[in-house]
Amino acid sequence: MTHQRKISVIGLGYVGLPVAMAFAKQNKVIGFDVNAQRIAELNEQHDATQELTTADWENTQICFTTDPEKLAQADFHIIAVPTPVDDTKTPDLLPVLKASKTVGKHLKKGDIVVYESTVYPGATEEVCIPVLERTSGLQCGQDFKVGYSPERINPGDTQHRFENIIKVVSGLDDDALDIIAQVYGSVVQAGVHRASSIKVAEASKVIENIQRDVNIALINELAMIFNRLQIDTHDVLQAAGTKWNFLPFTPGLVGGHCIGVDPYYLKHKAEQVGYTPHVIPASRQVNDGMGAFIGQQVVEHLTRIGCLLQETTVTILGLAFKENVADLRNTRVVDIVNVLQQHGMTIQIHDPWVEPQQVQQEYGLTLCPEPQLQKAQCVILAVAHQDYVQKGWPWLQQLLDEKRCLVMDIKGGLPQDNIPENIVLWRL
């Protein structure tokens with residue numbers, strides 16, 4: 001499937017960069033971002049997100065730029081900027097509105113703008129199109145067209161990539177939908193699914209992550225119940241999993257930019273139209289509270305084995321929001337850190353994936369290189385990075401005192417058949 005469109009991608013983070021690189025293997029792409037450091041690194045073929053391989057750069061034609069004037073060279077604009085929530089968990093559409101304004105200034109008759117940023121149903125037509133029209137002086141539907149195609153990028157996933165995940169596409173009208181489907185179909189080998197409307201496509205995105213949030217919240221709540229009953233949650237899940245229709249969810253910290261954020265977008269829109277959701281916010285409350293629950297378990301178990309908290313050193317392994325990624329967005333490991341600091345413990349944090357400067361800038365925390373880790377009375381395997389799990393118990397023992405110590409295995413990745421005698425193991 002071919003097309004004659006000239007592509008620009010606005011926002012070159014975890015979502016935009018893979019999209020831009022996929023199209024750049026066909027024709028020249030304008031890759032725009034307001035972050036000058038990010039653009040400089042990409043021009044040196046360095047991706048701080050660590051999502052691209054060397055092969056991804058081969059045979060690509062892409063102009064990385066902070067100059068919005070270059071957007072005028074394109075006629076098919078893909079907006080892939082973050083859509084976070086603010087401190088009150090209210091959707092923050094400012095990045096997507098700024099991107100719309102930037103594109104609008106360089107919009108021409110015949111152009112198409114496609115949003116990939118996660119929003120609530122109705123946001124594209126009710127909020128974004130007016131900005132494009134006001135800034136460009138053009139009329140949507142007559143002078144330019146708009147569509148929505150929700151991103152499905154999964155950081156750290158080498159199997160499910162932009163090219164082999166079915167792409168949901170939508171357009172303001174049939175003509176726009178045909179062009180958008182053709183453009184994305186030219187690079188997405190898995191094919192496209194034509195949603196019946198932009199609102200349907202927007203809604204499909206938020207419920208993909210809400211569904212996971214709700215299911216994980218259920219398992220997290222069960223884990224807290226089983227903890228009181230002194231039952232191993234993973235053993236229970238293994239037994240229940242022998243039933244053919246039991247869903248394979250596991251307990252854990254829920255961070256990142258999708259599952260921990262998207263539910264608030266639908267909640268916001270639901271309240272706007274007069275419905276107060278119950279399950280969605282309850283699930284968020286459970287999942288957002290898991291870090292504090294784990295921190296409290298550390299306190300209780302250290303006290304139980306005779307440790308004086310203010311004389312205790314705790315090593316936290318992993319700070320990223322999930323395993324094998326450099327993504328720090330909305331990481332809930334910091335909630336564990338906060339609880340331990342409140343009890344006066346000495347905290348050491350190690351993570352080989354994340355950038356120390358970014359950790360300091362965003363969370364005010366300092367990473368500790370492995371050779372500088374002091375012997376600890378407790379190790380928390382907070383993020384099951386592959387190299388941590390592969391090193392296993394022999395390596396963990398080197399990080400601990402020789403006396404009785406505590407290991408908190410949040411994701412249950414460590415084997416239970418060879419636990420050293422001096423170690424008390426706790427699993428979520």
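A salt bridge here is a side-chain nitrogen of Lys or Arg within 4 Å of a carboxyl oxygen of Asp or Glu. The legends below describe close-up views of a predicted model.

**View 1. Salt bridge between glutamate 208 and arginine 152.** The two side chains meet with an N to O distance of 2.6 Å. The pair links distant parts of the chain, 56 residues apart. Glutamate 208 belongs to helix 7 (residues 198-229), while arginine 152 sits in the loop between strand 6 (145-148) and strand 7. Glutamate 208 has a relative accessible area of 25% and is therefore partly exposed. Arginine 152, at 30% relative accessibility, also counts as partly exposed. Across the whole structure, a search finds 18 salt bridges.

**View 2. Salt bridge between glutamate 116 and lysine 167.** The closest N and O atoms of this pair are 3.3 Å apart. Glutamate 116 lies in the loop between strand 5 (112-115) and helix 5 (123-136), and lysine 167 lies in strand 7 (residues 167-171). With these positions 51 residues apart in sequence, the pair links distant parts of the chain. Glutamate 116 counts as buried because its relative accessibility is 1%, under the 20% limit. Lysine 167 is buried too, at 4% relative accessibility.

**View 3. Salt-bridge network of Asp213, Arg284 and Asp288.** Within this network, the side chains of aspartate 288 and arginine 284 form a salt bridge of 2.8 Å, N to O. Both residues belong to helix 10 (residues 279-288). Their positions are 4 residues apart, about one turn of the helix. Arginine 284 is buried, at 2% relative accessibility. Aspartate 288 is partly exposed, with a relative accessible area of 23%.

**View 4. Surroundings of aspartate 335 in helix 12.** Helix 12 covers residues 333-342. The side chain of aspartate 335 makes a polar contact of 2.6 Å with the side chain of arginine 332. Apart from neighbours within four places in sequence, aspartate 335 is in contact with Asp288, Gly291 and Ala292. Of these, Asp288 also appears in the network of View 3, and Gly291 is one of the buried residues of helix 11. Aspartate 335 has a relative accessible area of 17%, so this residue counts as buried.

**View 5. Helix 11, residues 290-304.** The helix has 15 residues and, at 1.5 Å a residue, should span 21 Å. Its end C-alpha atoms are 21 Å apart, so the model agrees with the expected span. Buried residues of helix 11 include Met290, Phe293, Ile294, Val298, Val299 and Leu302. Gln297 and His301 are buried as well. After the helix comes glycine 306, with a positive phi near 95 degrees.

**View 6. Leucine 309 in the loop after helix 11.** This loop runs between helix 11 and strand 9 (313-317). Leucine 309 counts as buried because its relative accessibility is 16%. Leaving aside neighbours within four places in sequence, leucine 309 contacts Val299, Leu302 and Thr303, together with His343, Gly344 and Met345. Val299 and Leu302 are themselves buried in helix 11. Glutamine 390 is 81 residues from leucine 309 in sequence, and their C-alpha atoms are 30 Å apart in space.

Methods:
Residues numbered from 1 in each chain as written. Predicted model: local features only at pLDDT ≥ 70, side-chain atom pairs only at ≥ 80, totals over all residues. Heavy atoms only, no water. Helix = DSSP H or I, 4+ residues; strand = E, 2+ residues; numbered from the N terminus. Expected span 1.5 Å × (residues − 1). Buried < 20%, exposed > 50% of the residue type's maximum accessible area, 1.4 Å probe, protein only. Polar contact = N/O pair within 3.5 Å; in protein donor to acceptor, adjacent residues only side chain to side chain. Contact = heavy atoms within 4.5 Å.
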